[in-house]
Amino acid sequence: MDDHLRRPQIVKMQARHIEEIAEIEKLSFSKPWSFEALAEELSNPLAVFLVAVIDGKTVGYAGMHHIIDEGYITNIAVHPDYRRRGIATALINELDNYARKKGLALLTLEVRCSNVVAIDIYRRAGFDEAGIRKGFYDEPKEDALIMTKYY
Ligand SMILES: CC(C)(COP(=O)(O)OP(=O)(O)OC[C@H]1O[C@@H](n2cnc3c(N)ncnc32)[C@H](O)[C@@H]1OP(=O)(O)O)[C@@H](O)C(=O)NCCC(=O)NCCS
């Protein structure tokens with residue numbers, strides 16, 4: 001079967017995934033996390049990083065910091081060649097399962113106000129608009145929309 005049509009496996013991030021994640025960061029964001037910044041998350045006890053893998057290739061990932069009973073989603077991206085196949089939705093569902101299992105009070109994230117695709121995906125996953133952080137992003141300068149899901 002064409003590997004584009006396969007369902008991803010969602011697994012915990014390991015060192016072997018980091019090079020491909022750093023590449024997806026570069027393809028997805030104007031200020032990507034570096035290889036080193038991603039590698040540090042492997043030893044961060046607060047970090048919960050999940051990756052989506054198809055036939056051994058890392059095609060997407062979602063990162064979160066679990067602090068007491070709150071989850072702060074730090075980044076979600078899918079390789080451009082693998083978008084529109086439900087991979088981001090699957091990753092968010094896994095974070096949602098984690099939040100329920102661990103009894104978190106909320107999951108929250110920031111997203112560029114212009115990123116209507118991501119905002120829509122989060123809304124459908126049960127996140128509500130919780131506020132604006134003025135001028136939160138650079139390159140280009142833009143406000144962040146805070147979106148939160150309470151449990
Ligand atoms: C946002 C992003 C993570 C979505 O990943 P994805 O795996 O393509 O998302 P999904 O396939 O789960 O999309 C679910 C639904 O969202 C909508 N959607 C997703 N991408 C869309 C697009 N480019 N245009 C319109 N609708 C879109 C669709 O309704 C889609 O369902 P459908 O394909 O059955 O119609 C991906 O586009 C990405 O990596 N973008 C760059 C990084 C980014 O913006 N990350 C979020 C920062 S907070």
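This passage describes the ligand site, the two largest pockets and two backbone features of a predicted model.

The ligand is surrounded by 20 residues. Of these, I76, R84, G86, T89 and N115 come nearest. Several polar contacts involve the protein backbone. A backbone N or O atom of I76 lies 2.8 Å from a nitrogen atom of the ligand. At V78, a polar backbone atom is 2.9 Å from an oxygen atom of the ligand. For I87, the distance from a backbone N or O atom to a ligand oxygen atom is 3.5 Å. Taken alone, the ligand exposes 910 Å². The protein buries 71% of that area.

The shell around the ligand draws on both strands and helices. Two or more residues come from each of β4 (70–78), α3 (87–101), β5 (106–112) and α4 (116–124). Helix α4 provides the largest share, five residues. By class, eleven residues of the shell are nonpolar, four are polar and five are charged.

The ligand occupies the space of the largest pocket. This pocket holds about 1,400 Å³ of space. Its lining comprises 41 residues. Those nearest the pocket centre are F29, I76, N115, A118 and Y122. I76 and N115 are also among the residues that come nearest the ligand. Six elements are represented by at least two lining residues each: α1 (18–28), β4, α3, β5, α4 and β6 (128–137). Strand β4 gives the most to this lining, with seven residues. In the ligand shell, by contrast, the largest share comes from α4. The lining of the largest pocket contains 21 nonpolar, ten polar and ten charged residues.

The second largest pocket has a volume of about 370 Å³. It is lined by 16 residues. K12, V48, F49, L50 and Y98 are the closest to its centre. Two or more lining residues come from each of β1 (9–12), β2 (47–54) and α3. Helix α3 thus recurs: it supplies at least two residues to the lining of the largest pocket and two or more to that of the second largest. By class, the lining of the second largest pocket has nine nonpolar residues, two polar and five charged.

Two loops carry backbone features of note. Most peptide bonds are trans, and most residues other than glycine have a negative phi. The peptide bond from E139 to P140 is cis. Its omega is near -5°. P140 is found in the loop between β6 and β7 (142–150). Strand β6 also supplies at least two residues to the lining of the largest pocket. The second feature concerns D55. This residue is not glycine, yet its phi is positive, near 50°. D55 lies in the loop between β2 and β3 (57–67). Strand β2 also gives two or more residues to the lining of the second largest pocket.

How values were computed. Residues numbered from 1 in each chain as written. Predicted model: local features only at pLDDT ≥ 70, side-chain atom pairs only at ≥ 80, totals over all residues. Heavy atoms only, no water. Near = heavy atom within 4 Å. Polar contact = N/O pair within 3.5 Å; in protein donor to acceptor, adjacent residues only side chain to side chain. Areas by Shrake-Rupley, 256 points an atom, 1.4 Å probe, with all protein chains shown as cover. 1 Å grid on protein atoms, 1.4 Å probe; cavity = no way out; pocket = protein on both sides within 12 Å on 5 of 7 lines; lining within 4 Å. Sits in = over half its atoms within 2 Å of the grid points. Helix = DSSP H or I, 4+ residues; strand = E, 2+ residues; numbered from the N terminus. Nonpolar A, V, L, I, M, F, W, Y, C, P; charged D, E, K, R; others polar. Points joined across faces, edges and corners; volume = space filled by probe spheres on them.
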